[in-house]
Every structure is written in C-alpha cells, then in structure tokens.
Amino acid sequence: TPPPVTGPEREMLEAFLDFHRETLLEKCMDLSGEELAVRPVPTSLLSLQGLVRHMAKVERWWFRMYMCGMPLPPLNASREHPDLDFEDVDPARWQEDLEVYRGEVEAARDAVLVFSLDDVSRRERGEPVTLRWIYLHMIAEYARHNGHADLIRESVDGRTGI
C-alpha cells in the first residue's frame, strides 16, 4: 500500500514504515524455505530469511527496548554472536521466524502508542533520541535492507520490482 502524500506527520511516518515492512515481506513471497535461506553473495551472510530475522531484532530493539526501556532479552543475537540473525538461518524455521517478525512489528506498534513524536527514549544508557528519530531511522534501515532484498530476490529467481 503506497503511503499517503499528505497528512499528519505521525500518520505519514507510520505509513512509510508500514510500506517498507510490507515491501520486505513481498520480497519473500512465493519462495521455499531453501530459497529464503540462500546467500547469493559469497562474502555476505545476507539472505531474505536473515533480513526478516534481523528486522525482527531491530523492531524489538528500537521501539520496545530503546524507546520504552523494556528489559527484554535481545532477539536473534548474543554476546558471542551479535549477528545470529544472519548466521543461524534454518529454512525449516521460516514460518516461525515470520511469526516472530510479525509479532515484533505488532508489539512495536502497540508499545509506542502512548508516546508523542517529541518524546525522548527511556533507555538508561545510550544517547537519548525522540520517537520521531526512531521512525526516521527505521524507515532508512528498511529502505537499505529492502534494496538488499531486491538484489537477493533477483538472484534467487530473477524477479524484480515486487
């Protein structure tokens, strides 16, 4: 769904973020678990499944852990393996990873409903940022990774512009 071209700032930020969330999932449509786990660039751990796992981690981190200060365990990461989201990709777990991603998106949306765009993060450590900054950062993060997803999808089955 294309985001609106006019409207209140928060509505537009949320719509642009949702547009990018939907775009990532569209890049994964109609592929098998094995295809979703393909890492087409030999020097990179990037796969479509890894990108979905990564964005679930990022959704949890920025909205619930950073903005709200919720003491949640990191998702798809550990001290020893900060890139577990990309390293531990298993085609048999695609549906589970997809459900975790969808759950994190919903939890992120719900967690910040009480905040205004000018509210500052409640994380004890780290630079304080506004919810507006987090929305803009997440839009940029998705845009970057959706570009990766486009190239990965093209290398898997030749489809572009999904």
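Is C68 buried or exposed? Buried, at 16% relative accessibility, because the cut-off for buried is under 20%. This is a predicted model, so please hear every value as computed from it.

Let me stay with cysteines for a moment. C28 is buried too, at 4% relative accessibility. As for disulfides, the structure holds zero.

Next, R10. This arginine is in helix α1, which covers residues 9-28. Its relative accessible area is 18%, so R10 counts as buried. What does its side chain reach? The backbone oxygen of V112, at 2.8 Å. Now set aside the neighbours within four places in sequence. R10 then contacts V112, L113, F115, S116, L117, L131 and Y135. One distance for orientation. R10 and E35 are 25 residues apart in sequence, yet their C-alpha atoms are 36 Å apart in space.

Y135 is on that contact list, so let us turn the view around. With the same neighbours left aside, Y135 is in contact with R10, L13, E14, L17, F63, V112 and L117.

That takes us to the core. The largest nonpolar core has 37 residues. Which of them touch the most other members? F63, V112, L131, Y135, M138 and Y142. Four helices each supply at least two residues of this core: α1, α3 (48-67), α5 (94-111) and α6 (131-157). Which helix gives the most? Helix α3, with 10 residues. Note that V112, L131 and Y135 are among the contacts of R10, and they are also among the core residues that touch the most other members.

Now charges. Side chains of opposite charge can pair when their charged atoms come close. How many salt bridges does a search of the whole structure find? It finds 18. I will take three pairs and one network.

Pair one is R132 with E9. Their closest N and O atoms are 2.8 Å apart. R132 is in helix α6 and E9 is in helix α1. The two are 123 residues apart, and the pair links distant parts of the chain. Both ends are partly exposed: R132 has 22% relative accessibility, and E9 has a relative accessible area of 39%.

Pair two is K57 with D85. Their side chains meet at 3.0 Å, N to O. K57 lies in helix α3, and D85 lies in helix α4, residues 84-87. The pair therefore ties together parts that are 28 residues apart in sequence. Are these two residues buried or exposed? K57 is buried, and D85 is buried as well.

Pair three is E141 with R144. The closest N and O atoms are 2.9 Å apart. Both residues belong to helix α6. They are three residues apart, so about one helical turn separates them. E141 is buried, at 9% relative accessibility. R144 is partly exposed, at 43%.

Last, the network. Salt bridges that share partners join D18, R21, E59, E106 and R109 into one network.

To recap, with the model on screen. Look at R10 in α1, with its side chain at the backbone oxygen of V112. Then find the 37-residue core, where α3 gives the most. Finish on R132 and E9, the salt bridge between α6 and α1.

Definitions and conventions. Residues numbered from 1 in each chain as written. Predicted model: local features only at pLDDT ≥ 70, side-chain atom pairs only at ≥ 80, totals over all residues. Heavy atoms only, no water. Buried < 20%, exposed > 50% of the residue type's maximum accessible area, 1.4 Å probe, protein only. Contact = heavy atoms within 4.5 Å. Polar contact = N/O pair within 3.5 Å; in protein donor to acceptor, adjacent residues only side chain to side chain. Disulfide = S-S within 2.5 Å. Core = buried A, V, L, I, M, F, W, Y, C linked by side-chain atoms within 4.5 Å. Salt bridge = Lys/Arg side-chain N within 4 Å of Asp/Glu carboxyl O.
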